[in-house]
Amino acid sequence: MASTPGILTDWPWTPLGNFKYVVLAPGFIYSIYQYMVKDEAERDVSSLVIIPLLLWRMIHNQIWISLSRHRTAKGNARIVDKGIEFDQVDRERNWDDQILLNGVLFYIAVNLTTSAQNLPIWRTDGVVITFLLHAGPVEFLYYWFHRALHHHYLYSRYHSHHHSSIVTEPITSVIHPFAEHLAYFILFAIPMLTILFTGTASSAAYVLYLTYIDFMNNMGHCNFEIIPNRLFTLFPPLKYLLYTPSFHSLHHTQFRTNYSLFMPLYDNIYGTLDKSSDTLYERSLKREEEVADVIHLTHLTTPESIYHLRLGFAELASRPHTSTWYTWLLSPITMGSMLLTSIYGRTFVVERNRFEKLKMQTWAIPKFNVQYALKWQTQSINSLIEDAIVEAEQKGCKVLTLGLLNQGEELNVYGGLYVQRNPKLRVRVVDGSSLAVAVVLNSIPKYATQVLLRGKLTKVAYALSYSLCQRGIQVAVLHEEEYRKLNKSFNTKFESNPVLSKGYSHNIWLVGDGVTAEEQLKAPKGTTFIPFSQLPPKIVRKDCFYHCTPSMEAPPSIENVHSCEIYHYTVKEQQRDISYSLYFSSSSVEDDPYSNGLSILVYRLHKALHGWSTGG
């Protein structure tokens, strides 16, 4: 929102929320109706191109979003070395509004103007005129309009909304108030209307022009330098005709320079070129990949979890993972990504974080939960993990945590296999489950002498049982199979080993996945339920106490904690508010896809585990 919002700031369909796409329904239905009732010679195919064009623009933008987030996470050629915050994520989540606006206006034009109907697929003269008009009047008028938007009156009411994002992402390019977008559409309509009324229009001209605008907009805001220097060396005048991401980035950090749209020509003519443009461009190109101090290694869970990554869809990543009807529609893409990951088979960077001077990254192994249950996949999984550890070692990483990757002794001896194979490792390999265990142990009341362990026996459950028995706290289980497995996992005898309980009389329950409502109803009044999995149990008792999932509050000094808004939400369930300050997931639960972002806690928890001062 602008600092002093002016008229027509809000989009007309904002109250509709996710149902805003219905604004396209009248135009779409009318176009289909006209196509069906008219004779074959009179049918207008041009109107049927609008929906595919809008879909293509959304896909194009999403490709840029994913590419930018991957590149900025790696760090090479990154321009602005700062993180983005929740406010920016929320502000930019409706980036498709401008595409909807274009769709509505296109439907109005094609149904009210006969010149816009039955367009040919291609006309060379129309394409040439379109780009000549863009390079001429559009670029010139945009430059002066942009300078006018930086006048205090218009800036405070409109353009400051766009400039709230200092660190830009591709979608930042289209985040403007409604009135400002109307002005931009009128400006970009100059070439489109000219070829329409001169009879030189074609479907290809509109598709190419809009794709060009989207491409240049996204590139200019992607926050990594992509234009190679040799282009300007081979053709020096190009520096006046083609801007670079670093060129426009300076406009967002300096505000009063580099006003041009896509051609820096007018900044050079009118003296508004930032003097550091060339320096920043050269420095960004030379910037090498960032060396992380701490790396969190995780893997994909379900096939749909690719959309919940930071590289995927922000809307899906903002909610707990569930299968929905539209993820089923994406099944061909999902299956294609599984095939691609099985062929490509390399670890990739998901995101980066910074805690004070500590640099952190999250890496993902291209393997899914189902593959961890297949014995013939064990060697492949271990090879990928070991390669990632060796790569982290070569890059100078200090600590590497294994999140969901070391799910059992039979897989890799809880991560010990890699240390045995590489005895000279300098990077410290930490079992991710121990980090969750440290937090759960801290949640157990100091007076506790016995606890009941319920739920699926994960590596976290085994580690909790071991630590509690080591402290002399009795761990009770209800099933003989669980009792046998726990005792078998202990190599030493403690004063208090796991016991087989015949009832539900314990006042402290450690609960994981699989705890039923019926079991909770059998607990005594006042029982404390402490979850050791990512998601807490469903609250069925108002006379008992429910802890949140293993978590620690994120201090303000942490940067880039924005990829999944489960870090910052409140769930209201059965009249009770449960606030989650930070979602910390490191146990082996099948339904949680976003282990990305966990590296922000690694260092603090690692210090806590080893008795170091945690600070703050």
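**View 1. Helix α1 and a nonpolar patch on the surface.** Let us start with Val-37, which is found in helix α1, a helix covering residues 25-37. This is a predicted model, and in it Val-37 counts as partly exposed because its relative accessibility is 47%, a value between the limits of 20% and 50%. Val-37 has company here: together with Phe-28, Ile-29, Tyr-30, Ile-32, Tyr-33 and Met-36, this residue forms a nonpolar patch on the surface. The accessible area of these residues together is about 700 Å².

**View 2. Helices α7 and α8 side by side.** Here you can follow α7 (residues 178-197) and α8 (residues 203-220), whose axes come within 11 Å of each other. The two axes cross at roughly 170°, so α7 is roughly antiparallel to α8. On the α7 side, the contact is made by Phe-188, Pro-191, Met-192, Ile-195 and Leu-196. Their partners on α8 are Ala-205, Tyr-206, Tyr-209, Leu-210 and Ile-213.

**View 3. Helix α10, mostly covered.** How many of the 10 residues of α10 are buried? The number is eight, and they are Pro-245, Ser-246, Phe-247, His-248, Ser-249, Leu-250, His-251 and His-252. Look around them to find what they pack against: α5, α8, α11 and α12.

**View 4. Phe-255, just after α10.** Phe-255 follows α10 and lies in the loop that leads from α10 (245-254) to α11 (265-270). Its phi is positive, near 70°. That is worth a second look because most residues other than glycine have a negative phi. With a relative accessible area of 27%, Phe-255 is partly exposed.

**View 5. Asn-118, another residue with a positive phi.** Move now to the loop between α4 (97-112) and α5 (124-149), the place of Asn-118. Asn-118 is a residue other than glycine, and its phi is near 55°. Is Asn-118 buried or partly exposed? Its relative accessible area is 44%, so Asn-118 is partly exposed.

**View 6. Arg-283 in helix α12, with Arg-78.** The last close-up shows Arg-283, which belongs to helix α12 (residues 277-286). Arg-283 counts as exposed because its relative accessibility is 52%, and the cut-off for that class is over 50%. Find Arg-78 as well: Arg-78 and Arg-283 are 205 residues apart in sequence. In space, the distance between them is 9.5 Å, C-alpha to C-alpha.

Terms used. Residues are numbered from 1 along each chain as its sequence is written. This is a predicted model: local features need pLDDT of at least 70, side-chain atom pairs count only at pLDDT 80 or more; totals for chains, interfaces and linings use all residues. Side-chain values use heavy atoms; hydrogens and water are left out. Helices (H or I, at least four residues) and strands (E, at least two) are DSSP runs, numbered from the N terminus. Buried means under 20% relative accessible area, exposed over 50%, partly exposed in between (1.4 Å probe, protein chains only). Patches are made of residues with over 30% relative accessible area and no salt bridge: like charges are joined within 9 Å, nonpolar side chains (Val, Leu, Ile, Met, Phe, Trp, Tyr) within 5 Å. Accessible areas come from the Shrake-Rupley method with a 1.4 Å probe; for residues, only the protein chains shown count as cover. A salt bridge is a side-chain nitrogen of Lys or Arg within 4 Å of a carboxyl oxygen of Asp or Glu. Axes are lines fitted to C-alpha atoms, for helices over the stretch in contact, and angles run from 0 to 180 degrees between N-to-C directions. Angles under 35 degrees count as roughly parallel, over 145 as roughly antiparallel, 65 to 115 as roughly perpendicular and the rest as oblique. Contact means heavy atoms within 4.5 Å.
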